[in-house]
Amino acid sequence: MPPAADRRAPSPGVEWEYARLTIPREFSRNYVKNLLVERAEHGGWTLDRVRIGPDGVRRVVLRRKIIRQLRPTLTYLRTG
């Protein structure tokens, strides 16, 4: 069950990365909770959406904020 990640920007200046998980009904609620807690603590993900289908399959969407660092500009002092 590898996650598929994509990116979309809901508002200017904020960029999120999304990961979609499909979890079969055979996994217990406690196992799914532990899986999501592990991803939140170690991967920086937050829960965006959970849908449980009529067949019992959980479709989970996780998100995390993308933090971009600006490159420092180098300035040289001229003495003369």
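**A walk through the predicted model**

R64 counts as partly exposed, at 27% relative accessibility. The model in which this arginine appears is a predicted one, and R64 offers a convenient point of entry, since its side chain has a partner. The side chains of R64 and E17 meet in a salt bridge, with 3.2 Å from N to O. E17 belongs to strand β2 and R64 to strand β4, which covers residues 58-65, so this pair ties together parts that are 47 residues apart in sequence. E17 is buried, because its relative accessible area is 15% and the cut-off for burial is under 20%.

The setting of these two residues becomes clearer from the overall plan. The secondary structure of the chain comes to one helix and four strands, and from the N terminus on these elements run β-β-α-β-β. The chain has 80 residues, of which buried residues make up 21%.

A search of the whole structure finds two salt bridges. Besides the bridge of E17 and R64, there is one in which the side chains of D48 and R49 meet, at 3.9 Å from N to O. D48 is partly exposed, with 28% relative accessibility, and R49 is partly exposed as well, at 41%. As a general matter, side chains of opposite charge can pair when their charged atoms come close.

Another arginine takes part in a contact with a ring. R63 lies over the face of W16, and its distance from the ring centre is 4.0 Å.

The path from strand to helix comes next. Strand β2 covers residues 14-23 and helix α1 covers residues 29-43, and P24 is found in the loop between them. P24 has a relative accessible area of 29% and is therefore partly exposed. Although P24 and D55 are 31 residues apart in sequence, their C-alpha atoms are 9.1 Å apart in space.

The structure holds one aromatic pair. F27 and Y31 form this pair, which is stacked: the distance is 4.8 Å centre to centre, with 20° between the planes. The pair counts as stacked because planes under 30 degrees apart fall into that class. F27 is partly exposed at 29% relative accessibility, and Y31, with a relative accessible area of 38%, is partly exposed too.

How does the span of helix α1 agree with what its 15 residues should give? At 1.5 Å a residue, the expected span is 21 Å, and the end C-alpha atoms of α1 are 21 Å apart, which agrees. The expected value is 1.5 Å times one less than the number of residues. Just after α1, G44 takes a positive phi of about 80°.

Beyond the helix, attention turns to strand β3, which covers residues 46-52 and contains V50. V50 counts as partly exposed, at 41% relative accessibility. Together with L47 and I52, V50 makes a nonpolar surface patch of about 290 Å². V50 can be counted in the patch because its 41% relative accessibility lies above the required 30%.

Taken together, the description returns to where it began: the salt bridge of E17 and R64 ties together strands β2 and β4, in a chain whose elements run β-β-α-β-β from the N terminus on.

Definitions and conventions: Residues are numbered from 1 along each chain as its sequence is written. This is a predicted model: local features need pLDDT of at least 70, side-chain atom pairs count only at pLDDT 80 or more; totals for chains, interfaces and linings use all residues. Side-chain values use heavy atoms; hydrogens and water are left out. Patches are made of residues with over 30% relative accessible area and no salt bridge: like charges are joined within 9 Å, nonpolar side chains (Val, Leu, Ile, Met, Phe, Trp, Tyr) within 5 Å. Accessible areas come from the Shrake-Rupley method with a 1.4 Å probe; for residues, only the protein chains shown count as cover. A salt bridge is a side-chain nitrogen of Lys or Arg within 4 Å of a carboxyl oxygen of Asp or Glu. Helices (H or I, at least four residues) and strands (E, at least two) are DSSP runs, numbered from the N terminus. Buried means under 20% relative accessible area, exposed over 50%, partly exposed in between (1.4 Å probe, protein chains only). Rings of Phe, Tyr and Trp (its six-membered ring) pair if their centres lie within 6.5 Å; planes under 30 degrees apart count as stacked, over 60 as edge-to-face and the rest as tilted. A charge sits over a ring if NZ of Lys or CZ of Arg is within 6 Å of the ring centre and within 35 degrees of the ring normal.
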